[in-house]
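Here is a short round of questions and answers about how some structural terms earn their place. Have a look at the structure, then read on.

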Amino acid sequence: MIRLDKFLCMMEAGSRSQVKELIRKGQVTVNGSVVRQADVKINEEEDRVFCQGKEVFFLLHVYYMLNKPAGVVSATRDNREKTVLDLMKGVTGKNLFPVGRLDKDTEGLLLITNDGELSHNLLSPAKHVPKTYLVKTLKPFSQEMKESLEAGVDIGEDKPTRPAKVHLMEENLIRLTITEGKYHQVKRMLKAVDNEVIYLKRLSMGSLELDEHLAPGEYRQLTEAEVEKLK
Ligand code: URA
């Protein structure tokens, strides 16, 4: 059981003062009857609440980070392939989906949530959310390749890629930060500088960093601080 005003706030119908005002004005019904007391307790799982004529469903947003292993696809369901949600059998009934896609052979950070708005904000091409990858390359990574990726390369799209950041770690190992998310983007960028990806792992997305304690295939809920920062 939960207070009506708290329930409406949690479901993002408005701020505490806004929802109190809506309740006072008779714009909220519970099981078909207008309720004008903000402190009435409702059963959030069973009662049917309407606010300004629209039903307010009880759905708490949940946020997980998965260390995606190679060999699974970034989908909710697949008839043939194992999916990232198959790895999260312990979490059911939450309408979870992965935020964006990693290739089947890519490892690393994948955010799994049921928060459509956050997902939209992180994936929107206009927002340029940075994503950092660890990339092992077939050939030694040269200074010239670094300069090309940092300037932007032609991967067959309308425009060159946006300037990336490259940190050379070893001869065949770089950390690459991009602010776009085109199909096979990193692999195509490396091809464009006459090199090739032989191992790819995502380390971060926006402010969210892969927890290094998670082995491939393991997941954990985000902390409140991680969720706040991402939003
Ligand atoms: N770029 C790729 O080429 N593959 C991924 O999985 C992610 C980024």
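Q: In this predicted model, what makes the sheet of four strands open, and in which order do the strands run?
A: The order is 3-2-5-6, with antiparallel pairing. At the edges lie strand 3 (33-34) and strand 6 (54-56), and each of these pairs on one side only.

Q: How do you know that strand 5 and strand 6 count as a pair?
A: Pairing takes at least two bridges. Strand 5 (residues 49-51) is joined to strand 6 by three bridges, so the requirement is met. The two strands run antiparallel, and valine 49 stands opposite valine 56 of strand 6.

Q: Why is the approach of aspartate 103 to the ligand called a polar contact?
A: The cut-off is 3.5 Å between N or O atoms. A ligand nitrogen lies 2.7 Å from an N or O atom in the aspartate 103 side chain, so the pair qualifies.

Q: What makes glutamine 185 and valine 186 polar contacts of the ligand as well?
A: Here polar backbone atoms take part: the one of glutamine 185 is 3.4 Å from a ligand oxygen, and the one of valine 186 is 3.1 Å from a ligand nitrogen. Both values are within 3.5 Å, so both pairs count. As for cover, the protein takes up 96% of the 240 Å² of accessible area that the ligand has on its own.

Q: Which helix gives the most to the shell around the ligand?
A: That is helix 5 (residues 185-192), with three residues. By class, the shell holds four nonpolar, three polar and two charged residues.

Technical notes: Residues are numbered from 1 along each chain as its sequence is written. This is a predicted model: local features need pLDDT of at least 70, side-chain atom pairs count only at pLDDT 80 or more; totals for chains, interfaces and linings use all residues. Side-chain values use heavy atoms; hydrogens and water are left out. A polar contact is a pair of N or O atoms within 3.5 Å; within protein, one must be able to donate a hydrogen and the other to accept it, and residues adjacent in sequence count only if both atoms are side-chain atoms. Accessible areas come from the Shrake-Rupley method with a 1.4 Å probe; for residues, only the protein chains shown count as cover. Ala, Val, Leu, Ile, Met, Phe, Trp, Tyr, Cys and Pro count as nonpolar, Asp, Glu, Lys and Arg as charged, and the others, Gly among them, as polar.
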